[in-house]
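This report covers cores, a sheet and charged pairs. Have the sequence and model at hand.

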Amino acid sequence: MSSTGELALRAQDLLGRLREEPRVPEEREQLLIAMDALRFLAASGQVHDFAAYRQSLEDEAPPLVVATFETRHAADAWLKHHPHPPHQAYVLVSGEYHVVMDLPELQHRRLVSHPVLEFYLADRVRAGLPPPAATFRTHEEAQAWLDAQPDPPRQVVIQIAGQEHLAVYHYRVGVRAVYALPRSEGLPP
């Protein structure tokens, strides 16, 4: 298999060929944006980050997190002083997902609580869960087990006091977390 960098170059070539075919101007512009995005990844040194992101999608890992904060106050201070906040990226605040909103034209920045984790967990349950990899009596035992893993799994089903949970590793920020999975009978189809 080719490296992500090689695949990106081949994708740029394909997009360039598609762009040269007769198209409406809006489609040509959309193809150019896709080509520019691939060039940006290389020019900004993010090809390896992109490869890790693609691998996390293949592994069905939880949504990518770019920063984590113990308190809302710390998160707000980070956002206020960040020279270029990562617009639409996810951060964890007290273990909960928030999305970064940065609207320079309005001089407006904020963190908005986002249900992406709930959607992700519900999708995992709908897809069918494998048997638990480990069983624990308490959340503390489960967290201690996860913290002791030298190479933590991106995500693995465990059971705590009879209920399924997902033990995850947010690799970009080095956070290991345990999330309760919703019961399948309570999910909409």
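A salt bridge here is a side-chain nitrogen of Lys or Arg within 4 Å of a carboxyl oxygen of Asp or Glu. The model is predicted. By that definition, Arg 39 and Asp 36 form a salt bridge through their side chains, at 2.7 Å from N to O.

## Salt bridges

The structure holds 7 salt bridges. Three of them are set out below, including the pair just named.

| Pair | N to O distance | Helix |
|---|---|---|
| Asp 13 and Arg 17 | 2.3 Å | helix 1 (residues 4-20) |
| Arg 39 and Asp 36 | 2.7 Å | helix 2 (residues 25-43) |
| Arg 72 and Asp 76 | 3.1 Å | helix 4 |

Asp 13 and Arg 17 are 4 residues apart, about one turn of helix 1. Arg 39 and Asp 36 are 3 residues apart in helix 2, so about one helical turn separates them. Arg 72 and Asp 76 are 4 residues apart, again about one turn of their helix.

Are these side chains buried or exposed? Asp 13 has 45% relative accessibility and counts as partly exposed. Arg 17, at 47%, is also partly exposed. Arg 39 is partly exposed at 36%. Asp 36 is partly exposed, with a relative accessible area of 36%. Arg 72 has a relative accessible area of 35% and is partly exposed. Asp 76 is partly exposed at 33%.

## The four-stranded sheet

An open sheet of 4 strands runs in the order 1-2-3-4, with mixed pairing. Why does one side of strand 1 and of strand 4 lack a neighbour in the sheet? Strand 1 (67-69) and strand 4 (108-113) stand at the edges, each with a single partner strand, so one side of each is left free of a neighbour in the sheet. On average, neighbouring strands are turned by 30° against each other, direction ignored.

Strand 1 pairs with strand 2 in the parallel sense, over 3 bridges. Thr 68 stands opposite Leu 92 in strand 2. Helix 4 (residues 72-81) packs on the sheet. This helix touches strand 1, strand 2, strand 3 and strand 4, and its direction makes about 150° with that of strand 4.

## His 98

His 98 sits in strand 3. The residue has a relative accessible area of 6% and is buried, because buried means under 20%. Its side chain reaches the backbone oxygen of Glu 96 at 3.1 Å. Leaving out residues up to four places away in sequence, His 98 touches Arg 72, Ala 89, Tyr 90, Val 91, Val 93, Leu 111, Val 112, Ser 113 and His 114. Arg 72, one of these, is also the salt-bridge partner of Asp 76.

## Nonpolar cores

The largest nonpolar core has 19 residues. Those with the most contacts inside it are Leu 92, Tyr 97, Leu 117, Leu 121, Leu 166 and Tyr 179. Two or more residues come from each of strand 2 (90-93), strand 3 (96-103), helix 5 (116-127), strand 7 (163-170) and strand 8 (175-180). Which element gives the most? Helix 5 does, with 6 residues.

Tyr 179 shows how the parts meet. Setting aside neighbours within four places in sequence, Tyr 179 contacts Leu 92, Gly 95, Tyr 97, Leu 117, Leu 121, His 165, Leu 166, Val 168 and His 170. Another core, of 9 residues, lies apart from the largest one. Among its residues are Ala 134, Leu 146, Ile 158 and Ala 167.

Key: Residues numbered from 1 in each chain as written. Predicted model: local features only at pLDDT ≥ 70, side-chain atom pairs only at ≥ 80, totals over all residues. Heavy atoms only, no water. Core = buried A, V, L, I, M, F, W, Y, C linked by side-chain atoms within 4.5 Å. Buried < 20%, exposed > 50% of the residue type's maximum accessible area, 1.4 Å probe, protein only. Contact = heavy atoms within 4.5 Å. Pairing = 2+ DSSP bridges. Axes fitted to C-alpha atoms, helices over the stretch in contact; angles between N-to-C directions. Polar contact = N/O pair within 3.5 Å; in protein donor to acceptor, adjacent residues only side chain to side chain.
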